[in-house]
There are 2 protein chains.
Amino acid sequence: MAKAYERIADELRDAIRAGQLGPGDRLPAETDLAARHRRSVPTVREALRLLQDEGLIEKQHGRGTFVRKPRTRVLRTNLRHQWEKNRAREPEQERLRTGATEHATGLQVNDLVFHASYGEAKADKSLAEAFGVAEGTTLVERVYRTRYAVETAPFALVSSYLIRDMVAENPDLLDETKEPWPGGTQSQLLTLGIELDRIEERVTAHPPTPEEAEELELPPGTSVIVLRKISYDTDNRAVEISDVTLPGDRTEMLFTTHLERW
Amino acid sequence: MAKAYERIADELRDAIRAGQLGPGDRLPAETDLAARHRRSVPTVREALRLLQDEGLIEKQHGRGTFVRKPRTRVLRTNLRHQWEKNRAREPEQERLRTGATEHATGLQVNDLVFHASYGEAKADKSLAEAFGVAEGTTLVERVYRTRYAVETAPFALVSSYLIRDMVAENPDLLDETKEPWPGGTQSQLLTLGIELDRIEERVTAHPPTPEEAEELELPPGTSVIVLRKISYDTDNRAVEISDVTLPGDRTEMLFTTHLERW
DNA sequence: GAGTGGTCTAGACCACTGT
DNA sequence: CAGTGGTCTAGACCACTCC
């Protein structure tokens, strides 16, 4: 015989999947569900927790339990990399007109980039390995959030790293007041004579840590996508690394691979 | 004042992050934790559930609660697509020698592909849109699981679709007994004169449904990566679509984007 | 059999939302 | 204020693992 809380959860899940309970609808109160199934309230709460962990429902203290609405998805595509590379050689005036984020996500200029912090950091083991330098090497670090204007929750947390000694020739790159860099990183790297050859992106997913949940305003029942982007120049050196944390329930990534013709 | 279960969870999480409790270590019994914090057992269980949802711990009925070990990760890279394309034109004997999965994941031939089902299906709305055909169009459907030999849990659930009318010219493609297709899909498409131009992969992440959790043997506190791969031929037609479900805690995806030289 | 986590009860009281 | 979910108690009994 199935457990009581599973039976309650199954009944509600079926109702949601069948559309008897649509997005935004309120579920019966916990006391009602308990009475209907002749179970205690904690048992009902156990059932609701299952559905919450699956991302199907959302609880609102004092108001009730609701079927979750799908959130607006943001598309992130690797076509942006070639676009940014082309853009890097355009006149500065043209570059200032449009930001890279809008193009990458398909959204308009309502997007905002908040510059949160800028400074130096020492390479930890993972960064040192990726850059191919010694642990403890000094890096330039930028940390920022990307936010969709009509919502409060950011849709990306980004930490971006450069090797300080490599970029020291251009003082603008070390000058905090020059933020945000007009034309993006590729344009700035060009001032150092650096041309990018390829970009590697590693993607994993996991449930959010409490810190990630708070920063991305993630409700229980969502996942986090972690992306590490490594840019290599034409000498095959790793010149820039970005760690990006994305909310899984509102991010869609599109990678296009072009194949050589026969 | 912080809630009791949060304080207990914080204490344990700190101990794990600091390394006082390492991977595989057993946590104190729930009754012990309750006594130490002068709280009831359900309160302690609430704290443990938090950590479980974060993927930090794993409960084993009758044995105890343990700090989770990171699972062996499987790397999936888009370099495989070019590799498979090159392979498609090699002699059949050579193609039979190695499977595509081994190369794609970096694992050896211990991998197994279980063919679970093979048949026809009608295009639902999402597939019809992606293929650019009418809803209800007949498709050839293959459903299979990829498993790592030394573990019981599969690391991928795959549903692969072709348009039946497009592949009908080659009876081998409709013949179940010819499975697994020697040389992979690209090799078979070549027999129809179809050459692939590019591959699009869309990636999202979400918490597992009960069905996914069961099939992939996912413990609570893991995410699922969903990947839809669309292959386009040189006439820009979508010729093959695969929906791949991957366990988030053991999958790493690597996408390399090559940029045009200046 | 001893020890562990899993399920469940029947309540109490608190905190938040809306009227 | 009434109604909702959030936290917590003090126990009971079951199911599983290991010795």
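**Two protein chains on two DNA strands**

In this predicted model, a backbone N or O atom of A:E30 lies 2.8 Å from a phosphate oxygen of DNA strand D. That is a polar contact, meaning a pair of N or O atoms within 3.5 Å; within protein, one must be able to donate a hydrogen and the other to accept it, and residues adjacent in sequence count only if both atoms are side-chain atoms. The side chain of B:S40 places an N or O atom 2.7 Å from a phosphate oxygen of DNA strand D. For A:T65, a polar side-chain atom is 3.3 Å from a phosphate oxygen of DNA strand D. Four elements give two or more residues to the surface near this strand: β1 and β2 of chain A, with α1 (4–18) and α3 of chain B. Helices (H or I, at least four residues) and strands (E, at least two) are DSSP runs, numbered from the N terminus.

Residues are numbered from 1 along each chain as its sequence is written, chains are lettered from A and ligands numbered from 1 in the order in which they are written. Local features need pLDDT of at least 70 and side-chain atom pairs pLDDT 80 or more, while totals for chains, interfaces and linings use all residues; side-chain values use heavy atoms, leaving out hydrogens and water.

Stay with DNA strand D. It has 20 residues around it, and A:E30, B:A4, B:Y5, B:S40 and B:T43 come nearest. Near means that a heavy atom of the residue lies within 4 Å of the strand. By class, this surface has four nonpolar, nine polar and seven charged residues. Ala, Val, Leu, Ile, Met, Phe, Trp, Tyr, Cys and Pro count as nonpolar, Asp, Glu, Lys and Arg as charged, and the others, Gly among them, as polar. Of the strand D atoms within 4 Å of the protein, 76% belong to sugar or phosphate.

Now DNA strand C. Its closest residues are A:A4, A:Y5, A:S40, A:T43 and A:R63. A polar side-chain atom of A:Y5 lies 2.6 Å from a phosphate oxygen of strand C. A:T43 also has a polar side-chain atom 2.6 Å from a phosphate oxygen of this strand. A:H61 reaches a base: an N or O atom of its side chain is 2.9 Å from a base nitrogen.

How are the two chains related? A rotation of 180° with 0.0 Å of shift along its axis superposes chain B on chain A, with an RMSD of 0.1 Å. This is the relation of a two-fold axis. The fit is by least squares on the C-alpha atoms of residues with pLDDT of at least 70 in both copies. In chain B, B:S223 comes closest to the axis, its C-alpha at 3.0 Å. B:S223 is also in contact (heavy atoms within 4.5 Å) with A:H206. A:H206 sits in strand β7 (residues 196–206) of chain A. Its relative accessibility is 25%, so A:H206 counts as partly exposed. Buried means under 20% relative accessible area, exposed over 50%, partly exposed in between (1.4 Å probe, protein chains only).

Finally, look at α3(A). Its buried residues are A:V44, A:A47, A:L48, A:R49, A:L51 and A:Q52. They pack against α1, α2 (30–37), β1 (57–60) and β2 (64–67) of chain A, together with α3 (41–53) of chain B. Just after the helix, A:G55 takes a positive phi of about 80°.

Technical notes: Lists of a residue's contacts leave out its neighbours within four places in sequence.
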